[in-house]
Amino acid sequence: MFKTFKHTLLSLAVAVSCTAAGAAAAQDIKPRLIRFGYGLNDDSVQGRAARFLAEEVTKLSDGKMKMRTFGSASLGSDEQMQNALVGGVQEMMVGSTAPLATMVKEFGVFDLPFLFNSDKEADAVLDGPLGQRLLEMLEAKGLVGLVYWENGFRNLTNSKHPVVKAEDLQGIKLRVMQNQVALGVFNALGANAVPMPFSELFTALETRTVDGQENPVTTIQSSKFYEVQPFLTITRHVYTPWVVLASKKWWDTLTPDEQELIRKAAAASRDFERKDSRADSEKAMATLKQNGMKINVVSEAEVARMREKVQPVVDKYTQELGPELVKELQDEIQKARGQ
Ligand code: KDG
């Protein structure tokens with residue numbers, strides 16, 4: 001009796017694995033090498049998700065498609081990689097929405113301050129109609145937007161003093177991502193905002209070329225900013241998404257089966273990355289404390305004051321980005337907040 005059951009189980013397992021292999025073989029999948037670039041170092045949320053994506057592509061293609069990941073901006077800054085994808089000299093990357101706004105200005109909406117209250121709201125908006133429509137707008141610029149990963153809620157660090165109120169930003173040279181909204185917001189808060197590629201940031205902090213920067217705690221930890229930034233102020237002033245991108249020139253050479261496979265792997269990487277990012281945030285805070293960062297949380301009353309100070313900038317960029325788009329974003333957020 002047991003023998004028959006075991007035999008049946010074994011033959012079932014063999015049948016299933018043959019079917020899977022057969023399915024991969026039946027799909028129109030060709031041997032390909034994909035170069036995937038990212039800006040953080042290998043031991044970061046981005047690095048782990050990039051390796052997960054590479055493994056997923058290999059698994060789903062039965063080893064036919066291989067993805068090599070290149071971290072620490074070794075293939076260039078986000079903007080340089082964006083241009084390489086447009087030119088078809090690099091296949092894939094992940095980067096922030098902020099530099100993307102230089103190609104599709106509507107991505108600048110994610111740099112408007114104090115929009116999201118939670119990652120749940122961000123997921124709902126990014127994976128909903130608005131977020132997906134923004135991705136589709138990239139195709140006209142030579143990019144294919146596949147999924148959003150979580151960069152996260154941004155916080156301030158600096159080497160001068162704690163930032164308890166907006167006035168404490170006066171005279172602080174603060175590195176910001178390279179887009180007009182981020183620049184306008186921090187100048188309005190009283191800082192001296194300095195746009196700069198992420199790849200140059202650690203050295204700029206170390207040499208005091210800039211006094212501070214703003215990023216999620218996972219990035220502050222994995223990039224070891226605590227070595228050159230004694231003060232951390234929890235503001236959660238912006239939620240930045242990352243976008244997993246493919247070169248449209250390259251994408252259009254793929255068969256429908258290959259495109260479907262990449263989309264499936266990208267969706268799995270999104271779910272993996274968001275889970276890892278949220279788990280890593282808690283660990284990162286503990287590491288920053290252990291490494292001596294002096295941490296303060298900006299009060300709700302102060303956030304309200306900051307909102308007031310940046311309102312003229314928000315009004316200006318709402319007009320430039322499109323009032324209907326900003327209204328739609330705010331409505332989508334409210335809907336997600338209500339769920
Ligand atoms: O390549 C790294 C960047 O995509 C990411 O860290 C963007 O948050 C970012 C920043 O500050 O540039």
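The open sheet in this predicted model has five strands in the order β2-β1-β3-β10-β4, with mixed pairing, where strands are DSSP runs of E with at least two residues, helices are runs of H or I with at least four, both numbered from the N terminus, and two strands pair if DSSP finds at least two bridges between them. Strands of a sheet pair through backbone hydrogen bonds, either parallel or antiparallel. At the edges stand β2 (65–70) and β4 (143–153), each with a single partner strand, so one side of each has no neighbour in the sheet. Direction ignored, neighbouring strands here are turned by 20° against each other on average; axes are lines fitted to C-alpha atoms, for helices over the stretch in contact, and angles run from 0 to 180 degrees between N-to-C directions.

Before I go on, residues are numbered from 1 along each chain as its sequence is written, and side-chain values use heavy atoms, with hydrogens and water left out. Local features need pLDDT of at least 70, side-chain atom pairs count only at pLDDT 80 or more, and totals for chains, interfaces and linings use all residues.

Let us look at one pair of strands and at what lies against the sheet. Strand β3 (residues 92–96) and strand β10 (residues 239–247) are antiparallel partners over five bridges, and Met93 stands opposite Leu245 in β10. Helix α5 (residues 119–126) packs on the sheet, where it touches β4 and β10, and its direction makes about 35° with that of β10; touching, or contact, means heavy atoms within 4.5 Å. Helix α6 (residues 129–137) also touches β4 and β10, but its direction makes about 130° with that of β4.

Which residues of α5 are buried? They are Glu121, Ala122, Asp123, Val125 and Leu126, where buried means under 20% relative accessible area, exposed over 50%, and partly exposed in between, with a 1.4 Å probe and protein chains only. Their cover includes α6, β4, β10, α11 (256–290) and α13 (323–338).

My last stop is Asp42, in the loop between β1 (32–37) and α2 (45–60). Asp42 counts as partly exposed because its relative accessibility is 43%. Its C-alpha atom is separated by 8.4 Å from that of Phe70, although the two residues are 28 residues apart along the chain. Leaving aside neighbours within four places in sequence, Asp42 is in contact with Gly47, Arg48, Arg51, Gly71 and Ser72.
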